[in-house]
Amino acid sequence: VKETFVANSSARFVLGSANVDVNSIEVQVQVSASNTEIETWKRATTLFGLSDQVNAFFVQGYEDYNYEITFGNGVVGRKLTDGNIVRVAYRTTLGSEANGIKTFVAQQAIEGFSTVTSTLSANDTFATGGSMHESDAEIKFNAPRYFQTQERAVTETDYVTLLQNQFPQLGAVTAFGGESVEPKKYGKTIISAKPRGSNILPNGLKDQMVKFLKGKTTLSIDPVIVDP
């Protein structure tokens with residue numbers, strides 16, 4: 001989906017779909033209707049390191065499960081000017097409806113070829129991880145805990161909260177210290193997670209989780225992902 005907004009002092013940039021995949025949001029800003037110079041802005045999830053010259057946008061909740069795009073104020077993040085044209089592109093989803101899909105049929109010829117075969121990648125056997133947005137109860141439970149983590153993984157709860165926020169396809173997550181298992185694994189944090197609609201955690205997703213956590217933990221602690 002592509003939407004266009006014109007910036008002014010009272011403009012709000014509310015996306016029209018309640019089924020937005022927020023990780024897919026892309027924002028470009030055109031100087032004006034007469035000046036077609038375009039710059040790409042990047043999504044920010046923290047205020048750290050955002051000067052008044054950083055092209056950053058933020059995503060926040062709006063009513064009825066919709067989302068709103070906001071921008072900097074000229075002190076933290078660059079501020080829009082009146083007349084800027086904001087172009088937003090994103091994917092809408094159908095939640096869990098795609099889970100389990102593994103066979104694809106071409107609906108039309110591709111560059112003249114009518115016989116088309118699709119092959120899944122080696123790490124995946126079928127589509128997984130699709131889910132609907134959080135319920136009101138889940139938001140009330142998760143939001144204060146995410147705020148408490150302050151973007152770092154120290155306690156076991158921090159690991160769970162960070163992973164659930166970064167990977168919404170995880171239906172359940174638990175974490176515990178390596179000293180609590182046999183044989184003991186000092187200096188390790190063990191994480192076990194179950195994706196929505198499946199009991200199998202793909203290896204590719206495990207790698208993504210470890211890479212994400214390494215930027216949030218102390219240098220002396222290594223995250224280890226294990227199957228449920």
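For sorting residues by class, Ala, Val, Leu, Ile, Met, Phe, Trp, Tyr, Cys and Pro are taken as nonpolar, Asp, Glu, Lys and Arg as charged, and everything else, Gly among them, as polar. On that footing, the lining of the second largest pocket in this predicted model comes out as six nonpolar, five polar and four charged residues. The pocket holds about 240 Å³ of space. Its lining is made up of 15 residues, and those nearest the centre are Asn8, Ala11, Phe13, Lys79 and Leu80. Strand 6, which covers residues 67–71, is the top contributor to this lining, putting in four residues.

Stepping back to the whole protein, there are three helices and ten strands. Read from the N terminus, the elements go β-β-β-β-β-β-β-α-α-β-β-α-β. Along the principal axes, the C-alpha atoms fit a box of roughly 65 × 55 × 30 Å.

The strands include an open sheet of seven, laid out in the order 1-7-3-4-5-6-2 with mixed pairing. Strand 1 and strand 2 sit at the edges of this sheet, and each of them pairs on one side only. Working inwards from strand 1 (residues 2–6), the neighbour is strand 7 (residues 85–89); the two run antiparallel and are joined by five bridges. Here Phe5 has Val86 of strand 7 as its bridge partner.

Strand 7 also pairs with strand 3 (residues 26–30), again through five bridges and in the antiparallel sense. Two of the partnerships can be picked out by name: Glu26 is matched with Ala89 of strand 7, while Gln28 is matched with Arg87 of that strand. Next along, strand 3 and strand 4 run antiparallel and share four bridges. At this step Gln30 finds its bridge partner in Ile38 of strand 4.

Further on in the sheet order, the loop between strand 5 (56–61) and strand 6 is home to Asp64. This residue has a positive phi of about 55°, even though it is not a glycine.

Salt bridges come next. The structure as a whole contains seven of them. In one, Arg91 pairs with Asp21, and their closest N and O atoms are 2.7 Å apart. Arg91 belongs to the loop between strand 7 and helix 1 (136–149) and Asp21 to the loop between strand 2 (13–14) and strand 3, so this pair ties together parts that lie 70 residues apart in sequence. Another salt bridge links Glu39 to Arg78, with 2.8 Å between the closest N and O atoms. Since Glu39 is in strand 4 (residues 38–43) and Arg78 is in the loop between strand 6 and strand 7, this pair ties together parts that are 39 residues apart in sequence.

A second piece of the fold is an open sheet of three strands, in the order 8-9-10 and with mixed pairing. Strand 8 (170–177) and strand 10 (222–226) take the edge positions with a single partner strand each, so each has one side without a neighbour in the sheet. On average, neighbouring strands in this sheet are turned by 25° against each other, direction ignored.

Within this sheet, strand 8 and strand 9 (residues 188–195) are antiparallel partners, with seven bridges between them. One point along the pairing has Thr174 opposite Ser192 of strand 9. Helices pack here too. Helix 3 (residues 203–214) packs on the sheet and touches strand 8, strand 9 and strand 10, with its direction at about 160° to that of strand 10. Helix 2 (residues 156–166) lies across strand 8 and strand 9, and runs at about 155° to strand 8.

The loop between strand 8 and strand 9 has a detail of its own, as it is where Pro183 is found. The peptide bond that leads from Glu182 into Pro183 is cis, and its omega is near -5°.

Key. Residues numbered from 1 in each chain as written. Predicted model: local features only at pLDDT ≥ 70, side-chain atom pairs only at ≥ 80, totals over all residues. Heavy atoms only, no water. 1 Å grid on protein atoms, 1.4 Å probe; cavity = no way out; pocket = protein on both sides within 12 Å on 5 of 7 lines; lining within 4 Å. Points joined across faces, edges and corners; volume = space filled by probe spheres on them. Pairing = 2+ DSSP bridges. Axes fitted to C-alpha atoms, helices over the stretch in contact; angles between N-to-C directions. Contact = heavy atoms within 4.5 Å. Salt bridge = Lys/Arg side-chain N within 4 Å of Asp/Glu carboxyl O.
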